[in-house]
Amino acid sequence: MGNKYNVFEKLVSSVIDVLLGLLIIVVLVVMGEAIFTIITHVIPLATMEELSVLIEEVATLFILLEIILMLLRYVKEGHHIPVRYLILISITAILRELLLAQGDGVESLFLSIAILVLVLVLVLLEKIKAFHKSGEEEL
């Protein structure tokens, strides 16, 4: 019975790795499209709308890069996503929204408070050494 479970576990792990590989390819294609959009909007950059599109695409590119790094780390860590990466991706996404928010000051305040809370969580987790494995230093 235990042998069948190990075979099933390896099969599921292999399928997950293949699906993650496909997901990384899709994200890379989207990043390529974002880079193409950036290049096509940087050269003319005649209006403020084009500048806004440029800023949005650059911010999206950073989020996609963070996702790829998280997926690679997930596979490297043996199918475990460190909490630090999820928090950092959340901060990046909120910063993107904050950069693109053009209006309500209250919304900007709440987004800033959300970033502050996430940074405090990172500091707190670092203080209690939640990111370090016992006896090892993190790179």
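Helices are DSSP runs of H or I with at least four residues, numbered from the N terminus. In this predicted model, Gly78 stands just after helix H2 and takes a positive phi of about 75 degrees.

## Overall build

The secondary structure of the protein chain consists of four helices and zero strands. Along the sequence, the pattern reads α-α-α-α. The predictor's confidence, pLDDT, averages 82 over the protein chain, and 90% of the residues score at least 70. Among the elements, H2 has the lowest mean pLDDT, at 80, while helix H4 (residues 105–127) has the highest, at 92. Where pLDDT is low, the predicted coordinates should not be read in detail.

The protein chain has 139 residues, of which 22% are buried. About 9900 Å² of the chain is exposed, and carbon and sulfur atoms supply 71% of this area. Among the contacts with a separation of 6 or more, 55% are between residues 24 or more positions apart.

## Helices H1 and H2

Helix H1 covers residues 2–42. The 41 residues of H1 reach 59 Å from the first C-alpha to the last, close to the 60 Å expected at 1.5 Å a residue. For H2 (48–76), the 29 residues reach 42 Å between the first and last C-alpha, close to the expected 42 Å.

In H1, the buried residues are Leu20, Ile24, Val27, Met31, Ala34, Thr37 and Ile38. Helix H2 is included in what covers them. An α-helix has 3.6 residues a turn, so residues three or four places apart point the same way.

The buried residues of H2 are Leu54, Glu57, Ala59, Leu61, Ile63, Leu64, Ile68, Met70, Leu71 and Tyr74. These residues pack against H1 and H3.

Helix H3 (residues 83–100) contains Thr92. Is Thr92 buried or exposed? Thr92 counts as buried because its relative accessibility is 18%, and the cut-off for buried is under 20%. Leaving aside residues up to four places away in sequence, Thr92 touches Phe62, Ile63 and Glu66.

## A nonpolar patch on the surface

Phe8, Leu11, Val12, Val15, Ile16, Val18, Leu19, Leu22, Ile25 and Val29 together form a nonpolar patch on the surface, with about 900 Å² of accessible area. One of these residues, Val18, is placed in H1. Val18 is classed as exposed because its relative accessible area is 54%, and the cut-off for exposed is over 50%.

## Salt bridges

Side chains of opposite charge can pair when their charged atoms come close. How many salt bridges does the count give? The count comes to two, and the table lists them.

| Acidic residue | Basic residue | N to O distance |
|---|---|---|
| Glu77 | Arg73 | 2.9 Å |
| Glu126 | Arg84 | 2.9 Å |

Glu126 lies in helix H4 and Arg84 in helix H3, so this salt bridge ties together parts that are 42 residues apart in sequence. Glu126 is partly exposed, with a relative accessible area of 27%. In the other pair, Glu77 is partly exposed at 24% relative accessible area, and Arg73 is partly exposed at 22%.

Terms used: Residues are numbered from 1 along each chain as its sequence is written. Side-chain values use heavy atoms; hydrogens and water are left out. Patches are made of residues with over 30% relative accessible area and no salt bridge: like charges are joined within 9 Å, nonpolar side chains (Val, Leu, Ile, Met, Phe, Trp, Tyr) within 5 Å. Accessible areas come from the Shrake-Rupley method with a 1.4 Å probe; for residues, only the protein chains shown count as cover. A salt bridge is a side-chain nitrogen of Lys or Arg within 4 Å of a carboxyl oxygen of Asp or Glu. Helices (H or I, at least four residues) and strands (E, at least two) are DSSP runs, numbered from the N terminus. Buried means under 20% relative accessible area, exposed over 50%, partly exposed in between (1.4 Å probe, protein chains only). The expected span of a helix is 1.5 Å times one less than its number of residues. Contact means heavy atoms within 4.5 Å. pLDDT is the predictor's confidence in each residue, from 0 to 100.
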